[in-house]
Amino acid sequence: MLNKIKLWKNQSQSSTLRERIEDIKKLPVPRHVAIIMDGNGRWAKKRALPRIAGHHAGMKVVRKTTKLANELGIEALTLYAFSTENWKRPKNEVEYLMKLPEEFLGTFLPELIEENVQVKMIGYKEQLPSHTLRAIEKAMEDTKNNDGMILNFALNYGSRAEILDAVKRVLNDCQEGIIDMNELNEDSFSSYLMTSELEDPDLLIRTSGEIRLSNFMLWQLAYTEFWFTEVLWPDFAEDHLIKAIEVFQKRQRRFGGV
Ligand code: IPE
Ligand code: IPE
Ligand code: MG
């Protein structure tokens, strides 16, 4: 009897989720969603586990979130996985974080290929350990002919460094006569950023209750809608992404107009 009740409950819950998914799809979904996946360490601490256990749990959520985003018809999903400031963390934690792309892609790359996802990356490749870079580059290579959702990992990414590098390259191109400074505009400047092939995010999600950007996409988020939640990243579920999109669909974006 108890089992029967449980089953009925699960079915009714999942059908509600299904209905919400179908409802979302009737309205325009955000084309590019960016997520600051935060709170892995606190999730582990609450369970008296080492911080890396939180990162491991967070990886599974990346998979679920990717699947759902793809199903919803989101065109690009950018996930902030490691910032240029995260090197300050203890050595063992950094080492573990640098192993995660291999672990994640080692398990899920066939699934991503199957689901027509294109893997991409923004961030500084030079400082990444070779094993980390190899895993990401293999995934990019193996999915380069896919034309479905872009799964864009921000890995060793920092927005101020990105902007500064863009300025330097612009100056250099001006000096070399490749571009004319007077013709530089917001669009052409954007093409010097690491996100040159992506639209600006429509929706930014940050988990774990922190209300800050932590050096993430400062230029690109100028008119993005923000959605913050107290939920820690390893606890982030389908329901939360659906909620964020439902809220997004109710917002009125004005871009400075009326
Ligand atoms: C986010 O979780 C993952 C990374 C920054 C790599 P944290 O590790 O920052 O978790 P908290 O914020 O300490 O809980
Ligand atoms: C931002 O989270 C970076 C990532 C999620 C990868 P942090 O945990 O590093 O940010 P702060 O230090 O709380 O601002
Ligand atoms: Mg954090």
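Here are some friendly notes on this predicted model, covering confidence, one helix and the empty spaces.

1. Confidence first. Mean pLDDT for the protein is 95, and 94% of the residues score at least 70. The stretch to treat with care is residues 4-9, where pLDDT stays under 50. Those residues have 0 contacts beyond four places in sequence. Where pLDDT is low, the predicted coordinates should not be read in detail.

2. Helix α3 is a good place to begin looking. The helix runs over residues 51-72. With 22 residues, α3 spans 32 Å from its first C-alpha to its last, close to the 32 Å expected at 1.5 Å a residue. Just after the helix comes glycine 73, and its phi is positive, near 85°.

3. Is threonine 65 buried or exposed? This residue of helix α3 counts as buried because its relative accessible area is 4%, and the cut-off for buried is under 20%. Leaving aside residues up to four places away in sequence, threonine 65 touches Ile35, Leu77, Trp233, Phe236 and Leu241.

4. Now the largest pocket, whose volume is about 720 Å³. Its lining has 32 residues, and Met37, Tyr80, Ala81, Phe82 and Asn86 are the closest to the centre. Two or more lining residues come from each of α2 (40-46), α3 (51-72), β2 (76-83), α4 (91-114) and β4 (150-157). Sorted by class, the lining of this pocket holds 16 nonpolar, 8 polar and 8 charged residues.

5. The second largest pocket has a volume of about 400 Å³. Which residues lie nearest its centre? They are Asp187, Ser190, Asp200, Trp219 and Gln220, out of 19 that line the second largest pocket. That lining divides into 7 nonpolar, 6 polar and 6 charged residues.

6. Last, the enclosed space. Rolling a probe the size of a water molecule over the atoms shows where empty space is left. The structure holds 1 cavity of 30 Å³ or more, and the largest cavity has a volume of about 30 Å³. Arg63, Thr66, Lys67, Phe104, Phe108, Glu111, Leu112 and Glu115 form the lining of the largest cavity. Both α3 and α4 give two or more residues to that lining, with α4 providing the largest share, 4 residues. By class, the cavity lining comprises 3 nonpolar, 1 polar and 4 charged residues.

Terms used:
Residues numbered from 1 in each chain as written. Chains lettered and ligands numbered in written order. Predicted model: local features only at pLDDT ≥ 70, side-chain atom pairs only at ≥ 80, totals over all residues. Heavy atoms only, no water. 1 Å grid on protein atoms, 1.4 Å probe; cavity = no way out; pocket = protein on both sides within 12 Å on 5 of 7 lines; lining within 4 Å. Points joined across faces, edges and corners; volume = space filled by probe spheres on them. Nonpolar A, V, L, I, M, F, W, Y, C, P; charged D, E, K, R; others polar. pLDDT = per-residue confidence, 0-100. Contact = heavy atoms within 4.5 Å. Expected span 1.5 Å × (residues − 1). Buried < 20%, exposed > 50% of the residue type's maximum accessible area, 1.4 Å probe, protein only.
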